[in-house]
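Okay, thanks for coming, everyone. Let me put the structure up and then walk you through it.

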Amino acid sequence: MIRVLLVDDQPLIRSGFRALLGLEDDIEVVAEAADGEEGLVLVKEHLPDVALIDIQMPVMDGIEATRRIAADPALAEVHVVMLTNYGMDEYVFEALRAGAAGFLVKDIVPEDLLHAVRVAARGDALLAPSITRKLIHRYVAQPPPASSAALEELTSREREAVALAAQGMSNGQIAERMVISPMTAKTHINRAMAKLHARDRAQLVVLAYESGLAAPRNG
């Protein structure tokens, strides 16, 4: 059973999501909160698999709540998915660095919401192609800093896998490109995440661009 926590200051959004998720046999909404501070308390109490958290809320916003969740070792298995009214806004990059595993737009179609919750619960990437493209475009305008010393710990195959992940490729696509099995591709990604201390795949993508391991491609 996938346990979900809803954190949004709009009751209509929460009730709509709760009603939709509640129809699924493998998903349970364990609690809901109207602001980040209350959400943080409930995360610690219920230890959900997935926390759907709005970015902009009173008392404590979603980014700060996410930052505190990511900083608490006891909450390492909680996957935070940010909710936003837009496909991309000024807070997305900050939220990724804070520890968000991905993003959902609030007008998402029901099928995509259910799929996203299940993907997040598995700990897989939840960056839509549009989010990845805009993340890449962000780095077109600013040169990356010098490579982090941590990158030296990666093997050549791990570096290659991370660079492909930064292009938005799934493990299956990485496996096909590198001519390896999907399991081996997943192993490369997981080892790279561990070595770079990335909480999840979303942060791994950010690190890849910030370090210069992945370079934006024009066109």
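I'll go from the overall chain to the cores, then to one helix and a few single residues.

First, the ground rules. This is a predicted model, so local features need pLDDT of at least 70 and side-chain atom pairs count only at pLDDT 80 or more, while totals for chains, interfaces and linings use all residues. Residues are numbered from 1 along each chain as its sequence is written, and side-chain values use heavy atoms, with hydrogens and water left out.

So, the overall picture. We've got 10 helices and 5 strands in the chain; those are DSSP runs numbered from the N terminus, H or I of at least four residues for helices, E of at least two for strands. Of the 219 residues, 47% count as buried, where buried is under 20% relative accessible area, exposed is over 50%, and partly exposed is in between, with a 1.4 Å probe and protein chains only. About 10600 Å² of the chain is exposed, and carbon and sulfur atoms supply 53% of that; the areas are Shrake-Rupley with a 1.4 Å probe, and for residues only the protein chains shown count as cover. Take contacts, meaning heavy atoms within 4.5 Å: among those between residues at least 6 apart in sequence, 68% join residues at least 24 apart.

Now the cores. By a nonpolar core I mean buried Ala, Val, Leu, Ile, Met, Phe, Trp, Tyr and Cys residues joined through side-chain atoms within 4.5 Å. The largest one has 27 residues, and Val 43, Ile 53, Ile 69, Met 82 and Phe 103 have the most contacts inside it. Elements that each supply at least two of its residues include strand 1 (2-7), strand 3 (50-54), helix 3 (62-71) and, from much later in the numbering, helix 10 (201-211). Apart from that core lies another, of 23 residues, with Val 162, Ile 189, Leu 204 and Leu 213 among them. Back in the largest core, what does Ile 69 touch, leaving out residues up to four places away in sequence? Leu 40, Val 43, Ile 53, Leu 75, Val 78, Val 80 and Arg 199.

On to helix 2. Gly 36, Gly 39, Leu 40, Leu 42 and Val 43 are its buried residues, and their cover includes strand 1, strand 2, strand 3 and helix 3. Just past the helix comes Leu 47, with a positive phi near 45°.

My favourite bit is Asp 35, in the loop between strand 2 and helix 2. At the start of the helix, one of its side-chain oxygens comes within 3.0 Å of the backbone nitrogen of Glu 37, and the Asp 35 side chain also reaches the backbone nitrogen of Glu 38 at 2.8 Å. Asp 35 is buried but has no salt bridge, and the nearest side chain of opposite charge, Arg 14, is 8.5 Å away. The salt-bridge cut-off here is a Lys or Arg side-chain nitrogen within 4 Å of an Asp or Glu carboxyl oxygen, and for charge, Lys and Arg are positive, Asp and Glu negative, with His and the chain ends not counted.

Last, some backbone angles. Most residues other than glycine have a negative phi. Val 59, in the loop between strand 3 and helix 3, has a positive one of about 70°; it counts as exposed because its relative accessibility is 64%. Val 179 has a positive phi too, near 60°, and counts as exposed at 73%.

Terms used
A polar contact is a pair of N or O atoms within 3.5 Å; within protein, one must be able to donate a hydrogen and the other to accept it, and residues adjacent in sequence count only if both atoms are side-chain atoms.
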